[in-house]
Amino acid sequence: MIQTSDRFREHVARALTDDDLKVALTRTTGLLQSRRRQVVDEYAEYNEARSRAAAIKDHTLRYLGHYLEMFEANATTNGAVVHWARTPAEARRIVAKICTDAGAKTATRVKSMLGEEIGIAEALEDAGVERIETDLAEHIIQLAEDPPSHIVMPAMHKTHEQVATLFDDKHTVVPDSHDIPDLVGSARRELRQKFLNADVGISGANFLIAETGAIVTVTNEGNSELTCTPPKVHIVTAGIEKVIPGMDHASVFLRLLSRAAIGAEITQYTTFYNGPKRAGDADGPQDYHIVLVDNHRTDMLGSDLQPMLRCIRCGACMNHCPVYAAVGGHAYGAVYPGPMGSVLTPALSSLKAAKDLPNACTLNGRCREVCPVNIPLPDMLRSLRARQWDAKLASPVTKAALATWGFMARRPKLYHLVTGLGVHGLRVWAFGRNRIRRMPFAGGWVKHRDLPRPERGSFMQQYNASEHATRNRK
Amino acid sequence: MNESEIQKPRVGLFVTCLVDAMRPNIGFASLKLLEDAGCDVEVPQAQTCCGQPAFNSGDDATTRAIAMQIIENFEQYDYVVVPSGSCASMIRTHYKDVFVDQPDWIERQSALSAKTWEILSFLSDVMHHQPEGIKFDGVATYHDSCSGLRDLGVHDQPRNMLAGVEGLRLVPLKDNDACCGFGGTFCVKYPDISNAIVADKTQSIKDTQADILLAGDLGCLMNMAGKLSREGSKVKAFHTIEVLAGMAGDGGICGDET
């Protein structure tokens with residue numbers, strides 16, 4: 001997808017007037033929050049698992065080269081062809097070439113955010129391959145020609161009522177009814193034969209297991225198994241930060257991932273893919289490729305953004321973000337929305353291209369609280385603001401306002417004088433009313449809220465006239 | 001041993017810039033409760049703001065200058081007490097982020113950070129003080145402001161202290177731990193997003209049927225009360241400390257002056 005984070009404010013304006021979006025977001029985030037709360041409360045070892053997961057990731061990132069090489073060696077022994085891509089363009093070329101070499105006409109695809117990040121859709125288009133999205137939500141947005149709006153539930157912006165209309169319009173056979181099970185049935189009917197006919201299956205990976213060379217996918221719909229097994233060719237695209245040392249470590253993450261993502265103890269399907277079809281296997285691909293993508297991840301290593309590489313893409317941060325719940329994922333104009341996206345997007349593109357994202361956050365800290373690998377998202381968003389400030393990207397209005405305020409805040413006597421005058425001014429401006437509804441230079445506040453008329457005199461003025469102050473002055 | 005022989009803790013009260021300008025009553029309520037709890041309270045004159053507007057805008061140099069001023073003027077006290085979770089957390093947990101290469105300042109900063117407290121947790125956890133004989137008739141709901149809750153663990157203290165107020169009944173607020181949309185400069189930089197968030201919050205408040213809204217941060221309170229007022233709601237908003245000091249007699253934040 002084309003990044004449009006620089007038009008964040010425009011996207012927000014549109015999102016805030018979209019009533020269907022509001023319904024869709026409220027329904028889903030509310031449910032995800034309460035389910036997560038419940039399964040986390042029931043998981044007695046949650047805090048230990050969370051610390052352990054963060055420690056495993058930190059360790060792996062520290063020795064990333066070592067574990068990636070171990071993964072490559074073991075995957076190769078298993079029969080995989082491992083490719084390395086520094087940039088999305090390199091990754092696209094590799095994927096396109098594999099498809100062309102296989103003479104592929106169609107490719108089924110399991111949802112993968114890394115695939116979105118590198119532009120798999122374009123790669124397939126360039127190779128003349130028809131792309132079939134098999135995740136139910138991805139199928140919906142492919143029909144609607146929308147980009148994903150959430151990293152786990154890419155069609156979160158759509159209500160089931162909207163999906164019903166879409167399926168009526170686009171499915172070969174219209175759904176039996178608009179009930180949700182019938183809509184799911186209709187998608188299944190639409191996709192089943194395509195699964196079996198596809199030339200190539202493309203997946204991402206939730207984890208790469210260094211000690212076995214396996215890749216892991218975690219899904220609920222079984223579409224991963226149907227995508228990765230019947231076609232002749234299986235292509236895996238994964239970010240290099242997905243590697244973890246061993247199987248024991250995978251079990252720590254699997255327990256956290258499904259709880260954080262969808263509020264379930266486990267998903268329907270957790271599959272470890274170990275290589276192409278072997279002699280005697282009933283099924284499986286003949287050719288098996290793993291494309292490992294950097295795309296600025298190594299730049300983040302050793303920087304204050306390194307903890308972001310712990311991310312397991314569960315989406316809990318966005319499910320609990322008040323800004324995400326208000327504007328939805330499309331407003332961010334990037335592959336990764338919400339709090340984790342507001343950290344990743346500037347890191348993957350530039351500070352300037354994603355200028356609004358780290359700022360459009362109240363720093364309330366709920367994202368960090370629910371993060372299964374304890375990523376200090378608010379601290380990182382704050383630190384991105386400092387990087388923007390140092391790069392002189394702050395708006396002239398912000399700079400001027402802060403400079404004036406900062407000058408006074410460092411001169412307490414002047415500050416108290418000006419505050420006293422300001423309080424008096426506000427009281428005059430209130431024209432005898434208890435509340436202020438219009439005020440120059442405070443449009444951002446009074447547009448939606450009233451401002452109280454302040455008390456008669458600032459605290460400092462009142463205090464200094466009090467007996468307490470006289471007593472303390474001795 | 002008579003009372004004057006007991007060494008009272010010396011407390012520097014940092015009222016915060018918002019309380020100074022918009023609701024001095026919170027400052028006076030803080031002063032009263034701290035003295036009732038047995039503290040020797042002083043109000044240093046050289047106090048302005050904790051530096052959050054600069055910090056949250058990424059301007060570390062200005063933040064550092066303001067932090068140094070706070071350190072110089074407050075380090076002489078046994079405790080620094082702040083009637084705001086957000087400003088207390090700024091001093092307690094975030095000042096360290098702006099001092100990186102100055103060992104002498106880091107030492108002074110960490111000493112100050114360690115003795116800085118949000119007022120309700122200070123009264124409860126340090127002074128073990130429970131206000132007595134306070135009457136306040138009404139049904140109230142309580143919003144947990146984010147910094148106090150997540151950075152400082154302020155959750156049970158206000159509830160426990162409010163439970164001792166005669167005539168007051170607390171009813172739970174749905175999503176009490178969700179942000180109200182204030183976010184400091186956020187609410188004026190992104191007013192429409194902030195409005196969408198606070199509108200959900202005021203709906204939850206109105207759904208409780210409570211006639212009083214309580215919280216521990218004036219910024220959040222002004223945001224929620226300002227929105228309630230704009231919506232024509234009669235819910236009165238107070239800082240918890242105003243109720244606990246028996247000083248919640250007026251129409252509340254953004255309410256009618258009496």
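This is a short chat about chain B of a predicted model, its two domains, one of its helices and its contact with chain A.

User: I'm new to this one. What is the secondary structure of chain B?
Analyst: This is a predicted model. In it, chain B comes to 13 helices and eight strands.

User: And what does chain B span along its principal axes?
Analyst: The C-alpha trace of chain B spans about 55 × 50 × 30 Å.

User: What radius of gyration would a compact globule have, and what does chain B have?
Analyst: A compact globule with 258 residues would have a radius of gyration near 18 Å, and chain B has 18 Å, so the two agree. On top of that, 60% of the 258 residues of chain B count as buried.

User: How is chain B divided into domains?
Analyst: Domain 1 covers 8–124, and domain 2 covers 133–244. Between the centres of these two domains of chain B, taken over C-alpha atoms, there are 22 Å.

User: How many residues does each domain give to the contact?
Analyst: Domain 1 of chain B gives 26 residues and domain 2 of chain B gives 22 residues.

User: Which elements of domain 1 give two or more residues to that side?
Analyst: For chain B they are α1 (17–22), α2 (24–36), α3 (52–55), α5 (85–94) and α7 (119–126). The largest share of that side of domain 1, six residues, comes from α5(B).

User: What is the split into nonpolar, polar and charged there?
Analyst: The side of domain 1 of chain B that touches domain 2 has 11 nonpolar, 12 polar and three charged residues.

User: New topic: helix α6 of chain B. How many residues does it have?
Analyst: Helix α6 of chain B, residues 103–114, has 12 residues. From first C-alpha to last, α6 of chain B reaches 16 Å, close to the 16 Å expected at 1.5 Å a residue.

User: Which residues of α6(B) are buried?
Analyst: B:Q109, B:L112 and B:S113 are buried. Down the axis of α6(B), the buried residues fall within an arc of 100°, so they line one face of the helix.

User: Which are exposed on the other side?
Analyst: On the other side of α6(B), the exposed residues are B:P103, B:D104, B:E107, B:S110, B:A111 and B:A114.

User: What do the buried residues of α6(B) pack against?
Analyst: They pack against α4 (60–74), β3 (79–82), α5 and β4 (116–118) of chain B.

User: Last one: how many residues of chain A are in contact with chain B?
Analyst: 53 residues of chain A are in contact with 57 residues of chain B. By class, chain A's side has 26 nonpolar, 16 polar and 11 charged residues.

Definitions and conventions:
Residues numbered from 1 in each chain as written. Chains lettered and ligands numbered in written order. Predicted model: local features only at pLDDT ≥ 70, side-chain atom pairs only at ≥ 80, totals over all residues. Domains from an automatic or database assignment. Contact = placed C-beta atoms within 7 Å. Helix = DSSP H or I, 4+ residues; strand = E, 2+ residues; numbered from the N terminus. Nonpolar A, V, L, I, M, F, W, Y, C, P; charged D, E, K, R; others polar. Expected span 1.5 Å × (residues − 1). Buried ≥ 20, exposed ≤ 12 C-beta atoms within 10 Å, placed from the backbone. Arc of directions from axis to C-beta. Rg over C-alpha atoms; globule rule 2.2 N^0.38 Å.
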